[in-house]
Amino acid sequence: MPDLRRLLACLAAAWSLLAQAAPSAADAALELRVQHVAEQLRCLVCQNQTIADSHAQLAMDLKKEARAQLAKGRSEQDVVEFMVQRYGDFVLYRPPFKAATWLLWVGPFALLAAGLLALLYQLRQRGLAEGELATEEFE
């Protein structure tokens, strides 16, 4: 009976060591792939973070979905395309330049150009007004 207890104790110890062991190489590779996909997708709640950086529930759900699809053997590109089909190009952290997203790419530069033009116009108007004041004072 003492030998049986010793055997059970050894089995229990071995089981706990296996449970605490580092993840397998396959799990580590899967997590790297999930991380790579997560860095390409925008958190739809936070919008300025990838789902890899976000702690929002939706971001965690999207990572879980990506993990499940990658575990089933789908490629990273397939998972990204699935997310785009489901949520649109907005889910991409770096959306492609095309007709539907041109405003995302050109908009900030157009606003900057409009602001610079408005500033130049104001400076020119101020310069003309100061010039008129100077000629009035001179007369």
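**Helices, salt bridges and a surface patch**

Glutamate 76 has a relative accessibility of 22%, which places this residue in the partly exposed class. The model in which this value was computed is a predicted one. Glutamate 76 is a useful place to start, and the account returns to this residue below, once the overall layout is clear.

The chain contains five helices and zero strands. Followed along the sequence, the pattern reads α-α-α-α-α. Of the 139 residues in the chain, 19% are buried. Here a residue is called buried when its relative accessible area is under 20%, and exposed when that area is over 50%; partly exposed residues fall in between.

How many salt bridges does the structure hold? There are two salt bridges. In general, side chains of opposite charge can pair when their charged atoms come close. To count here, a side-chain nitrogen of Lys or Arg must be within 4 Å of a carboxyl oxygen of Asp or Glu.

One of the salt bridges joins the side chains of arginine 67 and glutamate 31, with an N to O distance of 2.8 Å. Arginine 67 belongs to helix 3 (residues 57–71) and glutamate 31 to helix 2 (residues 25–38), so this pair ties together parts of the chain that are 36 residues apart in sequence. Both partners can be placed by their exposure as well. Arginine 67 has a relative accessible area of 30% and is partly exposed. Glutamate 31, with a relative accessible area of 37%, is also partly exposed.

Glutamate 76 takes part in another salt bridge, with arginine 33, and the closest N and O atoms of this pair are 3.7 Å apart. Glutamate 76 is in helix 4 (residues 76–87) while arginine 33 is in helix 2, so this pair ties together parts that are 43 residues apart in sequence. Arginine 33 is partly exposed, at 28% relative accessibility. The two arginines can also be compared by position: the C-alpha atoms of arginine 33 and arginine 67 are separated by 8.3 Å, although these residues are 34 residues apart along the chain.

Next come the cysteines. A disulfide is a covalent bond between the sulfur atoms of two cysteines. How many disulfides are counted in this structure? The count is zero. To be counted, a pair of cysteine sulfur atoms has to lie within 2.5 Å. For the sulfur of cysteine 43, the closest cysteine sulfur is that of cysteine 46, at 3.4 Å, which is too far for a bond. The same distance holds when the search starts from cysteine 46, since the closest cysteine sulfur there is in cysteine 43, 3.4 Å away. Their exposure is as follows: cysteine 43 is buried, at 0% relative accessibility, whereas cysteine 46 is partly exposed, at 32%.

Helix 3 can now be examined in its own right. At 1.5 Å a residue, its 15 residues should span 21 Å, and the C-alpha atoms at its ends are 21 Å apart, which agrees. Which residues of helix 3 are buried? They are Ala59, Leu62, Lys63, Ala66, Gln69 and Leu70. Viewed down the axis of helix 3, these buried residues fall within an arc of 125°, so they line one face of the helix. Gln57, Lys64 and Ala71 are exposed on the other side of helix 3. Just after helix 3 comes glycine 73, with a positive phi of about 105°.

Helix 4 can be read in a similar way. Its twelve residues, at 1.5 Å each, should span 16 Å; the end C-alpha atoms are 17 Å apart, which agrees. Val79, Val80 and Met83 are buried in helix 4. Seen down the axis of helix 4, its buried residues lie within an arc of 100°, so they line one face of the helix. Glycine 88, just after helix 4, takes a positive phi of about 90°.

The last stop is on the surface. Phe97, Trp102, Leu103, Leu104, Trp105 and Val106 form a nonpolar patch there, and together they have about 640 Å² of accessible area. One member of the patch, leucine 103, is located in helix 5 (residues 102–138). Is leucine 103 buried or exposed? At 56% relative accessibility, leucine 103 counts as exposed.

How values were computed
Residues numbered from 1 in each chain as written. Predicted model: local features only at pLDDT ≥ 70, side-chain atom pairs only at ≥ 80, totals over all residues. Heavy atoms only, no water. Helix = DSSP H or I, 4+ residues; strand = E, 2+ residues; numbered from the N terminus. Buried < 20%, exposed > 50% of the residue type's maximum accessible area, 1.4 Å probe, protein only. Expected span 1.5 Å × (residues − 1). Arc of directions from axis to C-beta. Patch = residues over 30% accessible without salt bridge, like charges linked within 9 Å, V, L, I, M, F, W, Y side chains within 5 Å. Areas by Shrake-Rupley, 256 points an atom, 1.4 Å probe, with all protein chains shown as cover.
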